[in-house]
Amino acid sequence: MKRLICLLLVLTFCCCLCACTPDNGPTDTLNVMSFNVYSVNKNPVNTNNGDPVDMRVKRRAPCLNELLLGEQIDIAGLQEASEAWQNWLKTDLDSAYSYVGTHTVKTGEGGYIVYNKEKLTLMEDGVFWLAEGAPRSSE
């Protein structure tokens, strides 16, 4: 998880650099947030309250769209995004936003950067792992 957080920080920093013009410095301020989406790995039911994963996503996802739009968020780091969240990003994320990221092999959880595509342009994306000699996803 520490590696994923470091990856998100590096990606956020890179996005901040992309938001600057070479001649005039920053074009505007960036609103950045972090959001833990509340995942339970591959377990389909949360043992705390019995909610199916899909119901939690259906309940929380509209709030994420409202938060992104209402607070005019430019970059958001999402942690612990389960497969249900990954599917939501593909289909229901507000059209003003896009995302990049990946998931781990062992848990299926992902770390994603959501960005305002009307304000920022994705110039390049990729994944690297901080563990020595790890050319692929850490388990």
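1. Accessible areas here come from the Shrake-Rupley method with a 1.4 Å probe. On that basis, the protein chain in this predicted model has an accessible surface of about 8500 Å², and carbon and sulfur atoms account for 53% of that surface. Of its 139 residues, 37% count as buried.

2. Let's get our bearings in the fold. The protein chain holds three helices and six strands. Reading from the N terminus, you will meet them in the order α-β-β-β-α-β-α-β-β. Among contacts between residues at least 6 apart in sequence, 65% join residues at least 24 apart.

3. Now look for the sheet. Four strands make an open sheet with mixed pairing, and their order is β3-β4-β6-β5. The edges belong to β3 and β5 (97–103); each has a single partner strand, so one side of each has no neighbour in the sheet. On average, neighbouring strands of this sheet are turned by 15° against each other, direction ignored.

4. It is worth tracing two of the strand pairings yourself. β3 and β4 run parallel and are joined by five bridges; here Asn36 stands opposite Gln79 in β4. β5 and β6 run antiparallel, with seven bridges between them, and Thr102 stands opposite Gly111 in β6. These two strands, β5 and β6, also form a hairpin with six residues between them. In the turn of that hairpin, Gly108 has a positive phi of about 80°.

5. What fills the inside? The largest nonpolar core has 20 residues, and those touching the most other members are Leu64, Leu68, Leu78, Trp85, Trp88 and Val114. At least two residues of this core come from each of β3 (32–36), α2 (53–70), β4 (75–81), α3 (83–92) and β6 (110–116). There is also a second, separate core of five residues, including Ile75, Val100, Tyr115 and Leu120.

6. Leu120 deserves a closer look. Leu120 sits in the segment after β6. Is Leu120 buried or exposed? Its relative accessible area is 7%, and buried means under 20%, so Leu120 is buried. Leu120 and Ser98 are 22 residues apart in sequence, while their C-alpha atoms are 9.8 Å apart in space.

7. For a contrast, try Lys58 in helix α2. With a relative accessibility of 60%, Lys58 counts as exposed because the cut-off for that label is over 50%. Lys58 and Trp85 are 27 residues apart along the chain, and 9.3 Å separates their C-alpha atoms.

8. Next, the aromatic rings: how many aromatic pairs does a search of the whole structure find? The search finds two. One is Trp85 with Trp88, an edge-to-face pair with 5.6 Å from centre to centre and 75° between the planes. Both residues lie in helix α3, three residues apart, which is about one turn of the helix. Trp85 is buried at a relative accessible area of 2%, and Trp88 is buried at 8%.

9. The other pair is Tyr99 with Tyr112. Why is this pair edge-to-face? The ring planes stand at 70°, and over 60 degrees counts as edge-to-face, so the label fits; the ring centres are 5.9 Å apart. This pair links distant parts of the chain, since Tyr99 is in strand β5 and Tyr112 is in strand β6, 13 residues apart. Tyr99 counts as partly exposed at 25% relative accessibility, whereas Tyr112 counts as buried at 5%.

Notes. Residues are numbered from 1 along each chain as its sequence is written. This is a predicted model: local features need pLDDT of at least 70, side-chain atom pairs count only at pLDDT 80 or more; totals for chains, interfaces and linings use all residues. Side-chain values use heavy atoms; hydrogens and water are left out. A nonpolar core is a set of buried Ala, Val, Leu, Ile, Met, Phe, Trp, Tyr and Cys residues joined through side-chain atoms within 4.5 Å. Buried means under 20% relative accessible area, exposed over 50%, partly exposed in between (1.4 Å probe, protein chains only). Two strands pair if DSSP finds at least two bridges between them. Axes are lines fitted to C-alpha atoms, for helices over the stretch in contact, and angles run from 0 to 180 degrees between N-to-C directions. Contact means heavy atoms within 4.5 Å. Rings of Phe, Tyr and Trp (its six-membered ring) pair if their centres lie within 6.5 Å; planes under 30 degrees apart count as stacked, over 60 as edge-to-face and the rest as tilted.
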